[in-house]
Amino acid sequence: MDLLDIAPDAVRRARAAGADAAEAFAITFTTRSVYIEDDVPKVGEDRQEAGLGVRVARGKRVAFASTTLASSEDARSGVAAAIDSLKQVPEDPDFSGFPTEAAKGEVAGVWDSRTASTDVPGLLEAATSFTDAATDLKGTSVPKAIFRIQDYAIRVANSNDVVANHRGTLVFCYLTAKCGSKGKFGEGIMKAMDTSIRAIDFPELGRTTSRRAAENLKARAFKGTLSGTAVLDPLDLGEMFIQTVGSAVNGENVQKKRSAWIDKVGKEIASVGVTIRDRPRMPKGLASCVVDDEGNATCDRTLVETGILKTYVS
């Protein structure tokens with residue numbers, strides 16, 4: 001049985017149990033990982049998992065429940081938990097129903113066949129090529145490194161006969177290298193993420209990480225002030241952005257008074273040089289998808305334009 005088929009089945013069960021409307025989100029994913037400790041592969045794992053989230057509505061009351069997914073029996077328990085929660089949740093005055101239009105099209109470059117078919121031995125080979133390149137620099141070791149691949153598929157279905165599907169792959173690497181002696185050490189740390197393993201040059205990452213360790217060994221504490229341009233790693237900048245701007249434009253945070261930008265739509269919240277656009281279908285985007293987590297079809301939109309807040313994200 002295709003576990004993704006449980007999503008529309010859960011919707012039917014929820015309606016039969018008394019929900020005015022229902023929505024289900026099913027996901028299946030395979031994760032393969034290799035861990036390096038002190039230059040040596042320690043663990044290789046290959047696991048398959050699945051999950052189901054169910055939202056049900058009765059009038060203006062909306063409840064949610066989630067469960068791990070192994071069979072249709074899990075769908076029954078998830079639906080029952082969501083229906084039971086309707087008795088406990090307050091009404092949501094802003095709820096107007098689930099999506100009525102299905103997402104169309106697909107996102108280019110978010111699923112890669114070679115990545116999906118890479119097994120643990122194949123991932124170990126990539127990890128070994130990183131370690132060999134990093135330790136090629138005399139006196140350098142790899143204290144810790146993580147190499148992970150995920151192949152996932154989702155299906156969103158609701159009681160408006162909307163069904164949306166999406167599949168993607170992700171590669172994540174957390175990499176370290178260390179050099180030095182006699183209590184003086186330099187450490188190089190890198191992260192790498194992509195939708196395709198083809199795009200990642202593992203030996204080059206090893207050389208770069210070890211070079212950073214050597215450079216950090218020679219580094220000295222800076223005293224005083226310095227005026228100039230700061231260059232941030234894109235992944236680090238992305239994390240900072242999500243924690244600040246992402247939190248501020250989040251519609252739920254706005255409703256619950258947790259956003260710094262409450263009642264700021266149409267007002268200046270940044271300098272005139274700041275424009276922020278949401279591109280949820282960007283080719284090869286790490287989080288690109290045809291639907292959001294509530295089943296709404298995604299589309300490009302401008303969040304901030306020349307410093308003016310244009311909209312929130314629901």
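These legends describe close-up views of a predicted model.

**View 1. Helix 1 packs against helix 2.**
Two packed helices are described by the angle between their axes and the distance between the axes. Helix 1 covers residues 6-16, and helix 2 covers residues 72-85. Their axes come within 9 Å and cross at roughly 45 degrees. That angle makes helix 1 oblique to helix 2. The crossing is right-handed.

**View 2. Side by side: the residues where helix 1 and helix 2 meet.**
Helix 1 brings Ile6, Ala10, Arg13 and Ala14 to the contact. Helix 2 brings Ser72, Ala75, Arg76, Val79 and Ile83. Of these residues, six are nonpolar, one is polar and two are charged.

**View 3. Strand 5 pairs with strand 1 and with strand 6.**
Strand 5 spans residues 144-158. How many of its 15 residues are buried? The count is 12, so strand 5 is mostly covered. Strand 1 (residues 21-37) runs antiparallel to strand 5, and 15 bridges join the two. Strand 6 also runs antiparallel to strand 5, with 13 bridges between them. Follow Ala157 in strand 5. Ala157 stands opposite Ala24. Ala157 also stands opposite Val163 in strand 6.

**View 4. A hairpin links strand 5 and strand 6.**
Four residues lie between the two strands. In this hairpin, look for Asp161. Asp161 takes a positive phi near 65 degrees.

**View 5. Gly168 sits in strand 6.**
Strand 6 runs over residues 163-181. Is Gly168 buried or exposed? Gly168 has a relative accessible area of 0%, and buried means under 20%, so Gly168 is buried. Which residues touch Gly168, leaving aside its neighbours within four places in sequence? The contacts are Val110, Trp111, Gln150, Asp151 and Tyr152. Now find Pro280. Gly168 and Pro280 are 112 residues apart in sequence. In space, their C-alpha atoms are 14 Å apart.

**View 6. Three strands form an open sheet.**
The strand order is 8-9-10, and the pairing is antiparallel. Which strands stand at the edges? They are strand 8 (276-278) and strand 10 (308-309). Each has a single partner strand, so one side of each is left without a neighbour in the sheet. Strand 9 covers residues 301-305. Three bridges pair strand 8 with strand 9 in the antiparallel sense. At one bridge, Asp278 has Arg301 in strand 9 as its partner.

How values were computed
Residues are numbered from 1 along each chain as its sequence is written. This is a predicted model: local features need pLDDT of at least 70, side-chain atom pairs count only at pLDDT 80 or more; totals for chains, interfaces and linings use all residues. Side-chain values use heavy atoms; hydrogens and water are left out. Axes are lines fitted to C-alpha atoms, for helices over the stretch in contact, and angles run from 0 to 180 degrees between N-to-C directions. Angles under 35 degrees count as roughly parallel, over 145 as roughly antiparallel, 65 to 115 as roughly perpendicular and the rest as oblique. A crossing is left-handed if the near helix is turned anticlockwise from the far one by less than a right angle, and right-handed if clockwise. Contact means heavy atoms within 4.5 Å. Ala, Val, Leu, Ile, Met, Phe, Trp, Tyr, Cys and Pro count as nonpolar, Asp, Glu, Lys and Arg as charged, and the others, Gly among them, as polar. Two strands pair if DSSP finds at least two bridges between them. Buried means under 20% relative accessible area, exposed over 50%, partly exposed in between (1.4 Å probe, protein chains only).
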